Each structure stands twice: as structure tokens, then as C-alpha cells.
Amino acid sequence: MFRRPAVQVLHQFVRHESEIAGSLVLERSLNRVQLLGRVGQDPVMRQVEGKNPVTIFSLATNEMWRSGENETHQIGDVSQKTTWHRISVFRPGLRDVAYQYVKKGSRIYVEGKVDYGEYMDKNNVRRQATTIIADNIIFLSDQTKEKA
């Protein structure tokens, strides 16, 4: 059986700049996020002058674990950590649907990408912000209903 050395195989996928003589090298990369959680606040729509509007809301995801758990018995205290995510929706159709139908307490699934940015706060202090830019939202339930 004929096998090519690993270096030859890698050269098929990776091109060095010296081989291309100044051409731009394009690589594939992935920035993908999937979140399943509950909406923390009703969405707001903001528009900065000269830019398209954006719908913004928060989404809570929970992680639960049991401390002191062993293989035979599930004993121990249950701990939980809630992480809050800032969701921004720029796509025109999705932006309007999210603004109209996303409600506080709704359980939704969001797909998108992570975006890191900076802004100046009211005191002119530079702050960093992490945002999920949503490109798909699936509604899983309405608000949690109280039992009568």
C-alpha cells in the first residue's frame, strides 16, 4: 500500500506565503455559538444614526452539577451557575420577529457568532463587551405559565 508522507499531505491543505508569491492566503475558520436558555428581558430595538437598527435582549443559560456525587449514589448538594448572554439581531426579518415575539421568560434556541467589541461608558471609561450576533432563533415555549 502506497502512503504519502504527512508533509506532502499537509502541503495540499496549507500553502505558505512564499509559495504563492504575495497572494492572499484564505483559510477556513469557524465562529459558531449555540445557546438554549430563557430570555431575561423583553427585547429593545436601537438605532444608531446612519446604521441599521438592532434588536437586543439577554439570554440566561444554566449549568447544574451535584457536589459529592459518586458512581453508585447521587448524593450531595445541587449547585447551579447562570451565565448571561447579550444577544443582538441585525438581520432585518429576524430582527423584527425577535422584537415582536421574544418575551421575558420565553425559552429559545439561538444560533450565531461571538463578537468582541469596545465602547465608552458614560464616564468615558473604555469597556469591553461580548455579544452573540444571532442569525437564527427558534421559539421553544411561551413564558412559563403559573399553575392555577
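At 59% relative accessibility, Arg126 counts as exposed. Its side chain meets that of Glu118 in a salt bridge, with 3.5 Å from N to O. The model is a predicted one. In this model the count of salt bridges comes to five.

Asn124 lies in the loop between strand S5 (107-120) and strand S6. The relative accessible area of Asn124 is 60%, so this residue is exposed. The backbone of Asn124 also deserves a remark. Its phi is near 55°, a positive value in a residue other than glycine. Most residues other than glycine have a negative phi.

Further salt bridges centre the account on Arg32. Glu111 forms a salt bridge with Arg32, and the closest N and O atoms are 3.7 Å apart. Glu111 belongs to strand S5, whereas Arg32 sits in the loop between helix H2 (17-20) and strand S1 (33-39), so the pair ties together parts that are 79 residues apart in sequence. The two partners can be set side by side in terms of accessibility. Glu111 is buried, at a relative accessible area of 18%. Arg32 is partly exposed, at 42%.

Arg32 also meets Asp135 through a side-chain salt bridge of 3.0 Å, N to O. Here Asp135 lies in strand S6 and Arg32 in the loop between H2 and S1, so this pair ties together parts that are 103 residues apart in sequence. Asp135 is partly exposed, with a relative accessible area of 29%. Arg32, Glu111 and Asp135 are thus named together as residues linked in a network of salt bridges.

The strands come next. Strand S3 (residues 54-66) pairs with S4 in the antiparallel sense, over 12 bridges. Within S4, Lys81 stands opposite Glu63. S4 also pairs with S6, in the parallel sense and over three bridges. Ala134 in S6 stands opposite Val89. S4 covers residues 78-89, and S6 covers residues 126-141.

His85 is placed in strand S4. The relative accessible area of His85 is 16%, and this residue counts as buried because the value is under 20%. The side chain of His85 makes a polar contact with the side chain of Thr61, at 2.8 Å. Thr61 is also one of the residues in contact with His85 when neighbours within four places in sequence are left aside. The others on that list are Leu35, Phe57, Ser58, Leu59 and Ile132.

A nonpolar patch lies on the surface. Leu36, Ile138 and Leu140 form this patch. Together they have about 250 Å² of accessible area. Ile138 lies in strand S6. With a relative accessible area of 38%, Ile138 is partly exposed. The figure fits the rule for patches, because their residues have over 30% relative accessible area.

Strand S6 recurs through this description. S6 holds Ile138 of the nonpolar patch. S6 also holds Asp135 of the salt-bridge network. S6 pairs in the parallel sense with S4, where buried His85 is placed.

Note on methods. Residues numbered from 1 in each chain as written. Predicted model: local features only at pLDDT ≥ 70, side-chain atom pairs only at ≥ 80, totals over all residues. Heavy atoms only, no water. Patch = residues over 30% accessible without salt bridge, like charges linked within 9 Å, V, L, I, M, F, W, Y side chains within 5 Å. Areas by Shrake-Rupley, 256 points an atom, 1.4 Å probe, with all protein chains shown as cover. Salt bridge = Lys/Arg side-chain N within 4 Å of Asp/Glu carboxyl O. Helix = DSSP H or I, 4+ residues; strand = E, 2+ residues; numbered from the N terminus. Buried < 20%, exposed > 50% of the residue type's maximum accessible area, 1.4 Å probe, protein only. Polar contact = N/O pair within 3.5 Å; in protein donor to acceptor, adjacent residues only side chain to side chain. Contact = heavy atoms within 4.5 Å. Pairing = 2+ DSSP bridges.
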